[in-house]
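Reader: Hello! I am new to this structure and would love a close look at its pockets and its aromatic rings. Could you walk me through them?

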Amino acid sequence: MSDQPKLVPGLADIPVAESAISFIDGKRARLEYRGLAVETLARESTFEETSWLLLEGALPSQRELANFDSELRNHRRIKFKIVDLLKCLPEAGHPMGALQAGVAALGMFYPACDVSDARSNWDSVVRLIAKIPTIVAAFHRLRRGDEALPPRDDLGHAANFFWMLTEQEPSPAVARVLDACLILHAEHSMNASTFSARVTGSTLADPYTVVSSAIGTLTGPLHGGANEEVLDMLDEMGDTPPARWLENAIATKRKIMGFGHRVYKVKDPRATVLQELAEHVFAESGKPPKYELAVDLERAAAAQLGPKGIYPNVDFYSGIVYQSLGIPRDLFTPIFAISRVAGWLSHWLEQLENNRIYRPEQVYVGNHDMPYTPLEKRP
Ligand code: ACO
């Protein structure tokens, strides 16, 4: 019909909210959280401080950070019934499914339906950020037949997660790189999972539902699932020279995982910082052969994909870093969620400040005025 709206596939370039949380300049490789460059935060800040910055709009004072940090530590534990729920899930199931189920279940233990109650909203924010790493680590240990480990109150957010997962205290370099990975993934403007969080939040659903909906959106291979697929792709390359493999992939119109971005038309600044931080870990553990292969692939791709504005995104190197820390592949996306929950919740709170339910239009391409044929007369 002529008066129908024009479809913009993927809502590309269509603003869906006003936001003061993060800013991306895709041509200048610039990403800011509340006006601060993400590179500076990755080098100088902690995930706890960055979360506060995203949620509250400015860096915390020493006292605010100490209080927030202690609130998070106090809420890391999960109820034994949540552990029991995780025990009942299939060991072979993807941990993102377990995380989504665990977070949805949290909402039944801590009802937070009145989203006009600022105190209750803040409590939910703290609980979600604090408990998500515990759920991820618990599911991983339980599926291997190990007991879930209680959190260590003497460790920071990233180091405690590593401890709960591996029963090993990370070295300072490992704790630092993991913390930086959490900072780098914490927020990225109107990406698919954040939009999902805002859409669910716009119905005034409770924050646990908001976050479980965002977790579901993050699972897809075009979004959070990409770093797992990067490693599968590097495995598949085997001994084939990267340039030849790439030529063949391009000829068969394959997407190169960990490359390309809707907004960045240059190398994702997060990939650059991550690579720099990874070098510190590799100085301890040695450079993994996959890393060398990835660097060669990036070099080959610069000539073949660069002219189209397709460069490595954050997920190109993050999986290699996690693998070098001994973290299994299917936990990469849950780690993304451990981090991105700070961004999702910041957007949820911002959405509530000036809420209107999302209800976009569609372009109808179906039939009209169809006759109803009784069942017995249909072929
Ligand atoms: N490899 C090869 N070609 C690509 C790639 C890629 N990774 N990404 C985009 N292109 C090409 C497309 O084939 C298309 O080419 P054409 O115009 O000749 O048909 C063109 O670039 C535009 O691609 P779209 O898929 O339309 O771009 P869009 O902005 O919709 O998608 C996305 C962005 C999903 C990130 C895409 O680049 C992609 O699939 N990348 C691989 C998956 C990935 O790494 N995802 C992680 C994203 S970052 C994150 O979520 C943290």
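Author: Happy to. One definition comes in handy at the start: a charge sits over a ring if NZ of Lys or CZ of Arg is within 6 Å of the ring centre and within 35 degrees of the ring normal. In this model, which is a predicted one, Arg 152 fits that description, as it lies over the face of Trp 163 at 4.7 Å from the ring centre.

Let us stay with the rings for a moment. A pair of aromatic rings is described by the distance of the centres and the angle of the planes. The count here comes to 9 aromatic pairs. Take Phe 68 and Trp 122: their centres are 5.7 Å apart with 40° between the planes, and the pair is tilted. Phe 68 belongs to helix α3 (residues 62–74) and Trp 122 to helix α6 (residues 118–143), so that this pair links distant parts of the chain, 54 residues apart. Both Phe 68 and Trp 122 are buried.

Now compare Phe 195 and Tyr 358. Their ring centres lie 5.4 Å apart and their planes stand at 85°, so this pair is edge-to-face. Distant parts of the chain are linked here too: Phe 195 is in helix α9 and Tyr 358 in the segment after α16, 163 residues apart. With a relative accessible area of 22%, Phe 195 is partly exposed. Elsewhere, ring pairs join Phe 259, Phe 282, Tyr 291, Phe 316 and Tyr 317 into a cluster.

On to the pockets. The largest pocket holds about 1700 Å³ of space. It is lined by 50 residues, and the closest to its centre are Asn 191, Gly 260, His 261, Arg 262 and Val 263. Three elements give two or more residues to this lining: β1 (22–25), α9 (192–201) and α16 (332–353). By type, the lining of the largest pocket divides into 23 nonpolar, 16 polar and 11 charged residues.

Where does the largest pocket lie with respect to domain 1 and domain 2? Domain 1 (20–221 + 328–353) and domain 2 (226–324) both contribute residues to the lining, so the pocket lies between them.

The second largest pocket has a volume of about 360 Å³. Its lining has 15 residues, with Leu 11, Ile 14, Val 16, Pro 360 and Glu 361 the closest to its centre. This lining of the second largest pocket is made up of 11 nonpolar, 1 polar and 3 charged residues.

Note on methods. Residues numbered from 1 in each chain as written. Predicted model: local features only at pLDDT ≥ 70, side-chain atom pairs only at ≥ 80, totals over all residues. Heavy atoms only, no water. 1 Å grid on protein atoms, 1.4 Å probe; cavity = no way out; pocket = protein on both sides within 12 Å on 5 of 7 lines; lining within 4 Å. Points joined across faces, edges and corners; volume = space filled by probe spheres on them. Helix = DSSP H or I, 4+ residues; strand = E, 2+ residues; numbered from the N terminus. Nonpolar A, V, L, I, M, F, W, Y, C, P; charged D, E, K, R; others polar. Domains from an automatic or database assignment. Phe/Tyr/Trp six-rings, centres within 6.5 Å; stacked < 30°, edge-to-face > 60°. Buried < 20%, exposed > 50% of the residue type's maximum accessible area, 1.4 Å probe, protein only.
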